[in-house]
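Biologist: Hi! Could you walk me through this model before I head back to the bench?
Modeller: Happy to, let's pull it up.

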Protein chains: 2
Amino acid sequence: MNSPDRPVCVLGLGLIGGSLMRAVVASGRPAHGWNRSAGAVDAARLDGYDVTGDLETALRRAADERALVVVAVPMTAVDDVLTAVATFAPDCPLTDVVSVKVEMADAVARHGLSAAYVGGHPMAGTAASGWIAADADLFRNAVWVVTVDDGTDPDVWMQVASLALTCGSVVVPARSDEHDRAVARVSHLPHVLAEVLASVGADGGELALRLAAGSFRDGTRVAGTAPALVSAMCDANAAALLEAVDDALARLTRAREILASDSSTTELTRDGHRARSRYEAQLQWWEITDVVVGADGWADAMRDRARAGGVVQRLPARRAVT
Amino acid sequence: MNSPDRPVCVLGLGLIGGSLMRAVVASGRPAHGWNRSAGAVDAARLDGYDVTGDLETALRRAADERALVVVAVPMTAVDDVLTAVATFAPDCPLTDVVSVKVEMADAVARHGLSAAYVGGHPMAGTAASGWIAADADLFRNAVWVVTVDDGTDPDVWMQVASLALTCGSVVVPARSDEHDRAVARVSHLPHVLAEVLASVGADGGELALRLAAGSFRDGTRVAGTAPALVSAMCDANAAALLEAVDDALARLTRAREILASDSSTTELTRDGHRARSRYEAQLQWWEITDVVVGADGWADAMRDRARAGGVVQRLPARRAVT
C-alpha cells in the first residue's frame, strides 16, 4: 500500500466524480470508472474515458490493480455501492467525496470496510450537475478535507491526501464530526437559506422577481442545484445542520424584534460585516510541514494545526514502517 | 418642464450618485454635483467632473438651469438635503435613488416638495462604496423603478424615466408601497440573511471558515457592504421588511422541524428550486408601448403592465397638454 500513485477507481461520474476522473487522468495517473446510468457511461466513453456500467467489473478490476476506490455517489446510494465494494474489492484502499463524514464512516463500518477507509470531501461544486458539467479544474486551489480520526491508517491517509493534491487541491485534515459541524454552517446552512430566500422572493410575485438584483441572484444561486442532491446532503447531516439552523433562527428572530421595535439593525450588520471580513482574511493559509504521518500523535498534531489555519500542500513525510 | 434633456444636479457622489454622474456625462448630457465630504469632491474634480462641496451653490445653479435634482444620499441624510432643496431650488423637478420609496415620499411631503417629485430606485450596486467605486456602466441593463402614485406629475415622470434610460436602464413603473414590499423580499431580506449566515459561519471558528466554499462566499457577499449603509436601508423599510423576515422565519422554522423529526427536506428544496427557476425565467421582459403618459388612467395602466412583467425601454409618448 505504499505507492501514492496507484490507479484510481471512481464510482459515480456526476459533477464531482466526473471532475475527479478528468483531473486524475489529466495528471497522467491511470483511472477507470463506473456509473449506474448508461447516459453518463456513453458520454464519458465518447470523451475518451475508461468507464463501465457494470459495478462488479469495475470493482474486480480495482481489486486486481490494487486501485484506490473513490465512492462518488449521493449519500442515498452509498449503501448499495459499499455492498459491492465489500464483495468484490474489500482490501482496496477506500475513500469518498460525499459531503458528510460521520454518516459515511458509519456506513463504511457497517460493511466492515473501516480498516482501509479514510474519508474525503472536496469543498468545490457548482449549481450544475452530471458528467456534462464535470471539469478537470473544479478542484484546483480548493480545500479538500481528508479525515483524521483515532485509528486512521497512515498509509491510506497518504493515498487519499495524494489524490487530493493530484487534483490541485490543498488538504485540510479534520476529525469526521468536526467536519460535519463545520460544513453544516458554511455549506448546508447556505443551501437552506438560499432555498428559503428564493421562496420568499417568489412569493412577492412578478414585480418582486423583476426588481431582484445582485443580492437576490447571489443569495439564491445554490437554490438552482437539483433539489434531490441538496436534500440528500442536508438530510444526511441533520443533527449538525439543526444546530446551525437554530443559531440562524436565533439571530433572525433577534433581527425581527429589532425591526418590530423601531430600533436600528446596527448589531446585525456590524456582526455580519465583521464575520465576512474574518472569512475574507482567512483565505490566506499556511503550510503544515512538521507532522510525520504515522509518527506518535500524528493524528492529533494534524488536526491541531488545521484548526489553527494550516493546510497540507505537498505530500508529507511518512514514518518508516519498522 | 418639457425637455427631457435638461441638466442634472446630483446631490451625493457615493457609489450610486457617482455612477449616475458618470453615466449622465458619458451620455453627453450636462451634469453637476455636490458632495458633503471634501475627499470625494476633490477626487471627482480630479476625474474632470463639475462638483462642489457647497450645497447652496449647487442648488442655486440647479434653480437657474431648471435642472433635474437627484437626491443620492443615504436615507438618514435626506432631511438635511431636502431642507436645502426647499430653500434654494423648490421648483426644480426632483427625484432620488434611495432604496425605499414610501419613507422618501413622506420626507419630500414634509418639505412641501411633492408636486415636482417622482421617486426612483435603480436596482444595481456592488459591495463597494464611495466615488472611487463609481462606474458609468453600473446601471446598464439594470431595472430602474420610477414611481407612479396617484397624483404623479406626468412631466416629472417623463424627466425621471428619461434619466433612467440615459443611464442604460429599463424603467419599471410601480406604486411606492408596492416597490417597498417587493424590495423588502428581493433586496433587504437577502442582506439580512447574508449578515445572519456570515455570523453563524464565523461562530464555527477557523475550521468552518476554512471549509467555506462557493455557497458561503455567494451567500455572504453583500455582508461585505458597509454596515451603516445596510442598516440605513433596512431600518428605513422596517415595516415591509418585517413581513418578509416573518415569512423567512416561518419557512426556516418548518425546515428546523423537519430536520429534528428525521423527515426529509424535500419540500424545502423543491419549493426553493421552483422559485429560483421562476426568477431565472423572468429575466426576460417585454416592452410597454401602449401607454400615453398623462392620458386618462395612465398611472394605473403603467402599474398594471409592470406587474405583468412589462418595462419601459424607450421614452413613451406624452399626451399633448391642451
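Biologist: How much area do chain B and chain A bury between them?
Modeller: About 8,100 Å², with 67% of it on carbon and sulfur atoms. Keep in mind that this is a predicted model.

Biologist: Okay, and how many residues does each chain bring to the contact?
Modeller: Chain B puts in 89 residues and chain A puts in 89 residues.

Biologist: Which three residues supply the most area on the chain B side?
Modeller: Arg210(B), Leu211(B) and Leu252(B). Together they supply 10% of the area that chain B buries against chain A, more than any other three residues.

Biologist: Let me follow up on Leu211(B). What does it touch in chain A?
Modeller: Quite a list! Leaving aside residues up to four places away in sequence, Leu211(B) touches Met123(A), Val143(A), Val145(A), Val172(A), His179(A), Ala182(A), Val183(A) and Val186(A).

Biologist: And which residues have the most contacts inside the largest nonpolar core?
Modeller: Leu211(B) shows up there too, along with Leu189(B), Leu252(B), Leu189(A), Leu211(A) and Leu252(A). That core has 92 residues.

Biologist: What about charges? How many salt bridges run across the interface of chain B and chain A?
Modeller: The rule finds 8 salt bridges there. One pair to look up is Arg278(B) with Glu206(A), whose closest N and O atoms are 3.5 Å apart. The interface also has 36 residue pairs in polar contact, both residues being at pLDDT 80 or more.

Biologist: How many salt bridges does the structure hold over all chains?
Modeller: 52. Among them, Asp177(B) and Arg181(B) meet through their side chains at 3.7 Å, N to O. Another joins Arg140(B) to Asp137(B), at 3.3 Å from N to O.

Biologist: Why is Arg140(B) called partly exposed?
Modeller: Because its relative accessible area is 47%, and partly exposed covers values between the 20% and 50% cut-offs. Asp137(B) is partly exposed as well, at 46%.

Biologist: Switching topic: how is chain A divided into domains?
Modeller: Domain 1 covers 8–174 + 283–311, and domain 2 covers 180–263. The centres of these two domains of chain A, taken over C-alpha atoms, are 29 Å apart.

Biologist: How many residues are in contact between domain 1 and domain 2 of chain A?
Modeller: 12 residues of domain 1 are in contact with 11 residues of domain 2. The two domains of chain A bury about 900 Å² between them, 63% of it on carbon and sulfur atoms.

Biologist: What kinds of residues make up the domain 1 side?
Modeller: On the side of domain 1 of chain A that touches domain 2, there are 6 nonpolar, 4 polar and 2 charged residues.

Biologist: And how many salt bridges or polar contacts link those two domains?
Modeller: The rule finds 0 salt bridges across that interface in chain A. For polar contacts, the count is 2 residue pairs, both residues at pLDDT 80 or more.

How values were computed:
Residues are numbered from 1 along each chain as its sequence is written. Chains are lettered from A and ligands numbered from 1 in the order in which they are written. This is a predicted model: local features need pLDDT of at least 70, side-chain atom pairs count only at pLDDT 80 or more; totals for chains, interfaces and linings use all residues. Side-chain values use heavy atoms; hydrogens and water are left out. Domain bounds come from an automatic or database domain assignment. Contact means heavy atoms within 4.5 Å. Buried area is the accessible area (1.4 Å probe) that two parts lose on being put together, summed over both. A salt bridge is a side-chain nitrogen of Lys or Arg within 4 Å of a carboxyl oxygen of Asp or Glu. A polar contact is a pair of N or O atoms within 3.5 Å; within protein, one must be able to donate a hydrogen and the other to accept it, and residues adjacent in sequence count only if both atoms are side-chain atoms. Ala, Val, Leu, Ile, Met, Phe, Trp, Tyr, Cys and Pro count as nonpolar, Asp, Glu, Lys and Arg as charged, and the others, Gly among them, as polar. A nonpolar core is a set of buried Ala, Val, Leu, Ile, Met, Phe, Trp, Tyr and Cys residues joined through side-chain atoms within 4.5 Å. Buried means under 20% relative accessible area, exposed over 50%, partly exposed in between (1.4 Å probe, protein chains only).
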